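Got the viewer open and a selection box ready? Follow along stop by stop.

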Amino acid sequence: MAFTEDLDLFLNTDHMAVPVTAGSISGNGILDMPSEAIAGGMVVSTDYSLICRADLFGDLMHGAGINVDGRAYTVKSVMLMDDGAFCEIMLQRTTTPEQSTSDRAVLDGDGVDTTSTVVMDGGAPGTTYIEGNVLDDGAP
């Protein structure tokens, strides 16, 4: 006698699961984000993995885009788990730099009224950086 299981019970959003979308496919998954200290504790690295239904997301290829809980990720690899009903997808966080409309830069000690043309890292005075670190208008 064959045993049929409802895989969605394992990925119920009332517990740990979050919404997942890849292209036109939507479902739920469990996102894991363990951090690890490397390089003698000088660097903290985060590995992102997602457990989800293989019949929905198991065919994703390296480099595919996937949205997990409202954030963009890129697929690094997909591995089937146990009997192949679920898969573990290794992810890389995807960020898109945003260009500021401001032409002012605020450097250490300057105020928002001080315009500077000094660029310390190859960006432009109006460059907005990943995770909200900015050189423009003095805003984080």
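Of the 140 residues in this predicted model, 26% count as buried. Colour by accessibility if you like: the accessible surface of the protein comes to about 9,300 Å², with 53% of that belonging to carbon and sulfur atoms. Contacts are worth a quick look too. Among those between residues at least 6 apart in sequence, 42% join residues at least 24 apart.

Now switch to cartoon. You should find 1 helix and 8 strands, and walking from the N terminus the order reads β-β-β-β-β-α-β-β-β.

**The barrel**

Which strands make up the closed barrel? Select β1, β2, β5, β8, β7 and β6: the 6 strands close up in the order β1-β2-β5-β8-β7-β6, with antiparallel pairing. Ignoring direction, neighbouring strands of this sheet are turned by 45° against each other on average. As a reminder, strands of a sheet pair through backbone hydrogen bonds, either parallel or antiparallel.

Start at β1, residues 18–22, which pairs with β2 in the antiparallel sense over 5 bridges. Click Pro 19 and look across to β2, where its bridge partner is Asn 28. Then go to the hairpin of β1 and β2: there are 2 residues between the strands, and Gly 23 takes a positive phi near 65°.

Next, select β2 (residues 25–32) together with β5 (residues 48–53). These two are antiparallel as well, pairing over 4 bridges. Two cross-strand pairs are good to label here. Ile 30 stands opposite Ile 51 in β5, and Asp 32 stands opposite Ser 49 in β5.

**The β3-β4 hairpin**

Move on to β3, residues 35–38, and its partner β4, which covers residues 43–46. How many bridges join β3 and β4? There are 4, again in the antiparallel sense. One place to zoom in is Ala 37, whose bridge partner in β4 is Val 44. The hairpin has 4 residues between the strands, and Ala 39 takes a positive phi near 55° there.

Stay here and turn on the surface. Ile 38, Met 42 and Val 43 form a nonpolar patch, with about 290 Å² of accessible area together. Pick out Val 43, which sits in strand β4. Why can Val 43 belong to a surface patch? Patch members need over 30% relative accessible area, and Val 43 is partly exposed at 37%.

**Two aspartates with positive phi**

Last stop: the backbone angles. Most residues other than glycine have a negative phi, which makes the next two selections worth a click.

Go first to Asp 69, in the loop between β6 (65–68) and β7 (71–81). Its phi is positive, about 55°, although Asp 69 is not a glycine. Then follow β7 to its other loop, the one between β7 and β8 (86–93), and select Asp 82. Here phi is positive at about 40°, and again the residue is not a glycine.

Buried or exposed: where does Asp 82 fall? At 83% relative accessibility, Asp 82 counts as exposed, because the cut-off for exposed is over 50%. Asp 69 has 47% relative accessibility and so counts as partly exposed.

Key
Residues are numbered from 1 along each chain as its sequence is written. This is a predicted model: local features need pLDDT of at least 70, side-chain atom pairs count only at pLDDT 80 or more; totals for chains, interfaces and linings use all residues. Side-chain values use heavy atoms; hydrogens and water are left out. Patches are made of residues with over 30% relative accessible area and no salt bridge: like charges are joined within 9 Å, nonpolar side chains (Val, Leu, Ile, Met, Phe, Trp, Tyr) within 5 Å. Accessible areas come from the Shrake-Rupley method with a 1.4 Å probe; for residues, only the protein chains shown count as cover. A salt bridge is a side-chain nitrogen of Lys or Arg within 4 Å of a carboxyl oxygen of Asp or Glu. Buried means under 20% relative accessible area, exposed over 50%, partly exposed in between (1.4 Å probe, protein chains only). Two strands pair if DSSP finds at least two bridges between them. Axes are lines fitted to C-alpha atoms, for helices over the stretch in contact, and angles run from 0 to 180 degrees between N-to-C directions. Contact means heavy atoms within 4.5 Å.
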